[in-house]
Amino acid sequence: MKNLNKNIAIIGSGMAGLAAAIRLAHAGNSVDVFEANSYPGGKLSEFSQGLYRFDAGPSLFTLPQLVLDLLALAGMSEKEFPYIQLEKGCHYFYEDGTRLIAYHNSEKFGQELEAKLGLDPKPVLDYLEKAKFKYQATSPLFIESSLHQLKTFTSKKTLKGLAAIPKLNLFETMHQQNQRELKEPHLVQFFNRYATYNGSNPYQAPAILNMIPHLEHGIGTFFPKNGMIQITNSLVEAAKKLGVQFHFNQKVDKILVENKQAIGIQIGSNRKLFDTVISNMDVHPTYRKLLQEQEAPENLLVQEKSSSAIIFYWGIKKHFPELDLHNIFFSKDYKGEFEAIFKQKTLHPDPTVYVNISSKYLPSDAPENCENWFVMINAPTNIGQDWDAWIAQTRERILNKLSRILKTDIGALIENESVLDPRLIEQKTSSFGGSLYGNASNNKYAAFLRHANFSKKIKGLYFCGGSVHPGGGIPLCINSGKLVAEMVTDSKD
Ligand SMILES: Cc1cc2nc3c(=O)[nH]c(=O)nc-3n(C[C@H](O)[C@H](O)[C@H](O)COP(=O)(O)OP(=O)(O)OC[C@H]3O[C@@H](n4cnc5c(N)ncnc54)[C@H](O)[C@@H]3O)c2cc1C
């Protein structure tokens, strides 16, 4: 039986919180979103630095249809959310001087592999077909369904997923499959990198995650014409159209529980009663700070977190024609880099550097003949390391690497600068340790060890966002908001 017209509180306005708010308001509920920051979007926010604009967090946009589906519920369309499909996924720079462009078009990508690596493209194109198969066989189960409800395991799509098990490479790591099938070192490193799309380690993560390249090569990568921030802005606009009330600068201190039922939230000494509470805050601090009197699922909270990052936002007084929107400058020692991040919880002396330049497609993001560089390296989560010293050291290492490869003194071109590190990511979004994607997927059980989208002990309490099922990244968070909305709508609480 559907249960509509509930009063619902959502804690946080990240991607998942916004997705849940839109769906629940559209279904006829009264929805209030309480956000600690003065702005919406959580990790997906923006800021300006002099004449440069930066998207603060996510830069890679896949599966735009998920955003359009939400906007459609408020009568909005691509007209209000214009975006383009990218012809080039990413520019890759290897330490041995090799440069490779990941074209979306497979024929062009094949020609690039032949020209730059002297390779027969056929095995790579076959590999991408397998990635497609894995994606299609498993995403209905692992991404679009709850793994914590019996009905999922009796559905046709689950049976289809189960039938595909022999072809999913469950018993080897991403790297092992890539090494076995692709062999050529540049290619292996290229495809290993997809583990970082959910903050994982390709030398540990199961090969089923080698489905990720299908997102980029098979389906495509996109860019909202007004920058990534347009995703947040359009979702907030849709939510408001549907009557969602936003309350900014409202940090929730407690989830009120009586007789094993969530009955509202508390901000300072102010108690606000609701029928349903949805936490879009990271599940770890949700239990530790908002549910202190309740028993926490310790076995789930101790799971390994995804990587975090250090990001330098640089206003650069020069135009670099050899760079595109997404650029990767690979480490010479990829395995060592992941060991440093995940095992030693430190930084490698030669980190892989990602440079995102949105002004390539949105010229107003930087002054004429200048570029807004978002320069990121993967980092361990914060466990009290000496980040200030590491940031100074990393800045020098990155500048040396980029200056050498681009044959330009990059340091001399920096007009203005700011830095984001794991401590600040945690401060700004409550993400535990500053992890970018919630739990890492560094073992084959990881999908089953994320917290469910509902509380098994407290009625009327739900969870959405990167730290719970199905995981981090914009598309998965939007799916998590959808799963929660369906559960709330179907519940008899
Ligand atoms: C630097 C960086 C780069 C990334 N790159 C990509 C990328 O390229 N592509 C991609 O798909 N994903 C990327 N991600 C991951 C992606 O941004 C996240 O997975 C996703 O945005 C998380 O959404 P969420 O719903 O979990 O909410 P979050 O963004 O984590 O937001 C949670 C919100 O809850 C609020 N909140 C927390 N506690 C409280 C409280 N007590 N009271 C009120 N409000 C509270 C916070 O202020 C915040 O606004 C990146 C992330 C980062 C940080």
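Start with burial: 51% of the 493 residues in the protein chain are buried. The model is predicted. Keep that in mind at each stop.

**Whole chain**

Show the cartoon. The protein chain has 16 helices and 19 strands. Its radius of gyration is 22 Å, close to the 23 Å from the globule rule for 493 residues, so the chain is as compact as a globular protein of that length. Turn the C-alpha trace along its principal axes. The spans are about 65 × 55 × 45 Å.

Now switch on contacts. Take those between residues at least 6 apart in sequence: 71% of them join residues at least 24 apart.

**Two domains**

Colour residues 7–45 + 61–79 + 226–304 + 441–490 as domain 1, and 120–220 as domain 2. How far apart are the centres of domain 1 and domain 2? Over C-alpha atoms, 27 Å separate them. The contact between the domains takes 18 residues from domain 1 and 19 residues from domain 2. Select the domain 1 side of that contact. Its residues divide into seven nonpolar, ten polar and one charged.

**The core**

Next, select the largest nonpolar core, a set of 129 residues. Ala20, Ala21, Ile22 and Ala239 have the most contacts inside this core. Domain 1 and domain 2 each supply at least three residues to the core. In soluble globular proteins, nonpolar side chains tend to be buried together.

Centre on alanine 239. Which residues is alanine 239 in contact with, leaving aside neighbours within four places in sequence? They are Leu18, Ala21, Ile22, Ala25 and Val244. Two of the names from the previous stop, Ala21 and Ile22, appear in that list.

**Around the ligand**

Select the ligand and the 36 residues around it. Gly12, Gly14, Gly42, Pro58 and Gly465 come nearest. Four elements give two or more residues to this shell: helix 1 (15–26), strand 14 (308–316), helix 15 (422–429) and helix 16 (474–490). Which element gives the most? Helix 1 does, with three residues. Colour the shell by class. There are 17 nonpolar, 16 polar and three charged residues.

**Glycine 41**

Go to the loop between strand 2 (30–34) and strand 3 (46–49), where glycine 41 is found. Is glycine 41 buried or exposed? Glycine 41 counts as buried, because 26 C-beta neighbours lie inside 10 Å. Beyond four places in sequence, glycine 41 is in contact with Ser13, Gly14 and Thr232. Gly14 is also one of the residues that come nearest the ligand. Then draw a distance from glycine 41 to isoleucine 229. These residues are 188 apart along the chain, yet 8.3 Å separates their C-alpha atoms.

**Tryptophan 373**

Move to strand 17 (residues 371–379), which holds tryptophan 373. Tryptophan 373 counts as buried, since 27 C-beta neighbours lie inside 10 Å. Leaving aside neighbours within four places in sequence, tryptophan 373 is in contact with Trp314, Ile316, Val355 and Ile357. Add a distance to lysine 156. The C-alpha atoms of tryptophan 373 and lysine 156 are separated by 46 Å, with the two positions 217 residues apart along the chain.

**Backbone oddities**

Most residues other than glycine have a negative phi, and most peptide bonds are trans. The last three stops depart from that pattern.

- Select histidine 469 and proline 470. The peptide bond from histidine 469 to proline 470 is cis, with omega near 0°. Proline 470 has its place in the loop between strand 19 (461–463) and helix 16.
- Select asparagine 249. Its phi is positive, about 55°, although asparagine 249 is not a glycine. Look for asparagine 249 in the loop between strand 9 (245–247) and strand 10 (254–258). Asparagine 249 is exposed, because 11 other C-beta atoms lie within 10 Å.
- Select serine 430. Phi of serine 430 is near 70°, again positive in a residue other than glycine. Serine 430 lies in the loop between helix 15 and strand 19. Is serine 430 buried or exposed? With 24 C-beta neighbours inside 10 Å, serine 430 counts as buried.

Methods
Residues numbered from 1 in each chain as written. Predicted model: local features only at pLDDT ≥ 70, side-chain atom pairs only at ≥ 80, totals over all residues. Core = buried A, V, L, I, M, F, W, Y, C linked by C-beta atoms within 7 Å. Buried ≥ 20, exposed ≤ 12 C-beta atoms within 10 Å, placed from the backbone. Domains from an automatic or database assignment. Contact = placed C-beta atoms within 7 Å. Rg over C-alpha atoms; globule rule 2.2 N^0.38 Å. Nonpolar A, V, L, I, M, F, W, Y, C, P; charged D, E, K, R; others polar. Near = placed C-beta within 6 Å.
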